[in-house]
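Trainee: Before we begin, I would like to ask how the terms applied to this structure are justified.

Mentor: Certainly; let us take the terms one at a time.

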Amino acid sequence: MSEQMLILEPENTKSVIEVETWKKDSFAITRAIGWRYGKILVGDFTEEEIKDLIKEKDSLDRVCVSDKLDFIDQKLQDSFTDDLSFSEDMPEDEINRLNNLFYEEGETALEEEGWEIYDTDLYFESKIKITRSSEDTL
């Protein structure tokens, strides 16, 4: 573990999006969770290296920090949105059924239906503030 830890967080609130991809058979569900606050703890990078890694944004003007950095820890707080989207070829009645199940029972309902998280990405959608930390946890 590096002695130098850095905390990255967006400067603006409501700028953290966590995107989970759930899969079952040939179908996928994408769950986008918006967070008011979020930060990650990284080690083994200098501030300059991090700035180089995060300067490229995607077409939505956001940085996928989970693709660019390995975190030691992350902290997400105060969810303000939680939306599902479904494979285009999924039958509409199944989409409605799963949507209702999810909003009544949460992700446990998807797990009980045999859905599994395949991938999770974390995006920051504003300028990223970098601060030093002597701690190895958030």
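Trainee: Which residues does Leu 8 touch, not counting residues up to four places away in sequence?

Mentor: This is a predicted model. In it, Leu 8 touches Gly 38, Lys 39, Ile 40, Val 42, Ile 50, Leu 69, Phe 124, Ile 128, Lys 129 and Ile 130, with residues up to four places away in sequence left out.

Trainee: What makes a set of residues a nonpolar core, and which members of the largest one touch the most other members?

Mentor: The members must be buried residues of nonpolar kinds such as Leu, Ile and Phe, joined through side-chain atoms within 4.5 Å. The largest core has 17 residues, and Leu 8, Ile 40, Ile 50 and Phe 124 touch the most other members. At least two residues each come from β1 (5-10), β3, α1 (47-54), β6 and β7. The strand β3 gives the most, with four residues. A second, separate core has 12 residues, among them Met 90, Leu 101, Leu 110 and Trp 115. In soluble globular proteins, nonpolar side chains tend to be buried together.

Trainee: Why is β1 described as mostly covered?

Mentor: A residue is called buried when its relative accessible area is under 20%. Five of the six residues of β1 are buried.

Trainee: How do you know that β1 pairs with β3 and with β7?

Mentor: Pairing requires at least two bridges between the strands. β1 and β3 have four bridges, and β1 and β7 have six, so both count as pairs by that criterion. The sense is antiparallel for β1 with β3 and likewise antiparallel for β1 with β7. Leu 6 stands opposite Val 42 in β3 and opposite Arg 132 in β7.

Trainee: Why are Phe 102 and Tyr 103 called an edge-to-face pair?

Mentor: Their ring centres are 5.0 Å apart, and the planes make an angle of 80 degrees. The limits are 6.5 Å for a pair and over 60 degrees for edge-to-face, so Phe 102 and Tyr 103 meet both. A search of the whole structure finds one aromatic pair.

Trainee: Are the two partners, Phe 102 and Tyr 103, buried or exposed, and what decides it?

Mentor: Phe 102 has a relative accessible area of 4%, which is under 20%, so Phe 102 is buried. Tyr 103 has 47%; this lies between 20% and 50%, and therefore Tyr 103 is partly exposed.

Trainee: What makes Lys 23 and Arg 62 count as charges over rings?

Mentor: The charged end of Lys 23 is 4.2 Å from the centre of the Tyr 118 ring, and Arg 62 is 3.8 Å from the ring centre of Tyr 123. The distance limit is 6 Å, so both satisfy that part of the definition. Lys 23 sits over its ring, and Arg 62 lies over the face of Tyr 123.

Trainee: Ser 126 and Asp 25 are both in loops; why is one called buried and the other exposed?

Mentor: Ser 126, in the loop between β6 (116-124) and β7 (128-133), has a relative accessible area of 10%, under the 20% limit, and is therefore buried. Asp 25, in the loop between β2 (16-24) and β3 (27-43), has 72%, over the 50% limit, and is therefore exposed.

Trainee: How do you know that the side chain of Ser 126 makes polar contacts?

Mentor: The side chain of Ser 126 reaches the backbone nitrogen of Glu 11 at 3.2 Å and that of Asn 12 at 3.2 Å. Both distances are within 3.5 Å, so they meet the distance limit for a polar contact.

Methods:
Residues are numbered from 1 along each chain as its sequence is written. This is a predicted model: local features need pLDDT of at least 70, side-chain atom pairs count only at pLDDT 80 or more; totals for chains, interfaces and linings use all residues. Side-chain values use heavy atoms; hydrogens and water are left out. Rings of Phe, Tyr and Trp (its six-membered ring) pair if their centres lie within 6.5 Å; planes under 30 degrees apart count as stacked, over 60 as edge-to-face and the rest as tilted. Buried means under 20% relative accessible area, exposed over 50%, partly exposed in between (1.4 Å probe, protein chains only). A charge sits over a ring if NZ of Lys or CZ of Arg is within 6 Å of the ring centre and within 35 degrees of the ring normal. A polar contact is a pair of N or O atoms within 3.5 Å; within protein, one must be able to donate a hydrogen and the other to accept it, and residues adjacent in sequence count only if both atoms are side-chain atoms. Contact means heavy atoms within 4.5 Å.
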